[in-house]
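Hello,

Here is the structure I promised to pass on to you. Have a look at it first, and then read my notes below.

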Amino acid sequence: MESVQAIKQRFGIIGNTPSLNRAIEKSIQVAPTDISVLVTGESGVGKESIPKIIHQLSHRKHNKYIAVNCGAIPEGTIDSELFGHEKGAFTGATQTRNGYFEVADGGTIFLDEVGELPLTTQVRLLRVLENGEFIKVGSSKVQKTNVRIVAATNVNMFEAIEKEKFREDLYYRLSTVDIHLPPLRERREDIHLLFRKFASDFALKYKMPTVKLTDNAVQVLTKHRWGGNVRQLRNIAEQLSVLEQDRTISADTLHGYLPTSGTNLPAVVKTSKSESDFSSEREILYKVLFDMKSDLNDLKKLTMELMKGGNIKDVEKDQEHLIQKIYGEDDNESEVYEEPVQETEVLSIPEHTATPEEAVSVQDKYHFAEEIQEEETLSLHDKELELIKKSLERHNGKRKLAAAELGISERTLYRKIKQFDL
Ligand SMILES: Nc1ncnc2c1ncn2[C@@H]1O[C@H](COP(=O)(O)OP(=O)(O)O)[C@@H](O)[C@H]1O
Ligand SMILES: [Mg+2]
């Protein structure tokens, strides 16, 4: 049996923490059997090496190894990808297609992000695991296959089971042996080792001298949280290798590359439930969008005040809080803004809906600078009218499509059609 060290070398795995060694040892032990293995661990910890080790050290190594990212395949096509389909099974199925379970007969299939599998696919998968049987989409013929399954997940499967997103029976079938890869922050002694390896790889790749860390920078590196684990460490090593002129990296320089410092983006804080990469990114994007929307509302309000009053000094005084919020120092970023966010819709300028404060004076909003206001309102009306007309024409009067194109709700569109008498 190959030693753990030899396997690490062969598969380019760096690190010497007992927990990592144990995971590799377990892989070596289960490899010659046909036992299903579930690899667990946060995103970026290196789960993808495990099924490769298992396949290469098994009697299946001369047959196919297929890695499938279950989270990346659309729900509508995943059954056909995995199990194949018959000609005519659905629109566009012009040919019979063999799925991965047929192609990999005698080999290994790695189901990455298995927690993302739709429930209907889970039923099919359970059947293959239980007796090697599957049926192509659109067929009634039962086929046999002999495939070894290694699956991986970064979601908490018990939570998924509780929420009825994952079948419990399938979970137990898949996880006959569980191989857990710990997050990087629980393998601190490996961090600098990994960094040096990546730095030297990137120096070769980009034909530049290898970057080195000062002692203080090493401290910063090893104390960092590494929410994105080895993948994130590798990215940072690459950025430093490409961007830094001075090849000796100080703690300060390194800080600039670590996500919690020097950026206004909220850090991805993992709760006990480890989410997939995508959901965290989505959350950040939502947060940024909400912040922008809130800023936009503030600006609108401020502009309205200026237009109403005209006296800049007064507005400055009255709206100090708002001005501070929009233009002020970023120090109080953590402060939660509690004013309700108004619903804004594209093209709704002429129909400006008043906030409670504005409502009092909304009537006299046309008393100042009348001409300009009139003119602007008119031309905006025209533009809006034109846009709506064109969009409706383009979509043969289909309101749903036009509304989507204009970025407004169908109801708003309907209202505008009535308003403009279209
Ligand atoms: N122990 C390790 N030694 C060297 N590279 C590693 C190690 N662990 C992870 N990596 C690298 O980090 C990146 C992410 O690993 P991957 O297996 O894709 O993570 P996961 O599937 O767990 O999200 C890959 O580029 C991989 O080569
Ligand atoms: Mg992965």
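Let me begin with the ligand. By class, six nonpolar, four polar and six charged residues make up the shell around ligand 1. Please keep in mind that this is a predicted model.

Of the 16 residues around ligand 1, those that come nearest are Ile-14, Gly-44, Lys-47, Glu-48 and Arg-231. Three of these names come up again when you look at backbone atoms. A backbone N or O atom of Gly-44 lies 2.6 Å from an oxygen atom of the ligand. For Glu-48, a backbone N or O atom is 3.0 Å from an oxygen atom of ligand 1, while for Ile-14 the partner is a nitrogen atom of the ligand, at 2.9 Å. On its own, ligand 1 has 560 Å² of accessible area, and the protein covers 82% of this. Helix H9 (188-206) and helix H11 (229-243) are the elements that give two or more residues to the shell; H11 gives the most, with three residues.

Now to the sheet. Five strands form an open sheet with parallel pairing, in the order S2-S3-S6-S1-S7. Strand S2 (65-69) and strand S7 (177-180) stand at the edges with a single partner strand each, so one side of each has no neighbour in the sheet. On average, neighbouring strands here are turned by 20° against each other, direction ignored.

If you want one pair to follow by eye, try strand S3 (residues 108-112) and strand S6 (residues 148-153), which pair in the parallel sense over four bridges. There, Leu-111 stands opposite Ala-151 in S6.

Best wishes

Conventions. Residues are numbered from 1 along each chain as its sequence is written. Chains are lettered from A and ligands numbered from 1 in the order in which they are written. This is a predicted model: local features need pLDDT of at least 70, side-chain atom pairs count only at pLDDT 80 or more; totals for chains, interfaces and linings use all residues. Side-chain values use heavy atoms; hydrogens and water are left out. A residue is near a molecule or strand if one of its heavy atoms lies within 4 Å of it. A polar contact is a pair of N or O atoms within 3.5 Å; within protein, one must be able to donate a hydrogen and the other to accept it, and residues adjacent in sequence count only if both atoms are side-chain atoms. Accessible areas come from the Shrake-Rupley method with a 1.4 Å probe; for residues, only the protein chains shown count as cover. Ala, Val, Leu, Ile, Met, Phe, Trp, Tyr, Cys and Pro count as nonpolar, Asp, Glu, Lys and Arg as charged, and the others, Gly among them, as polar. Two strands pair if DSSP finds at least two bridges between them. Axes are lines fitted to C-alpha atoms, for helices over the stretch in contact, and angles run from 0 to 180 degrees between N-to-C directions.
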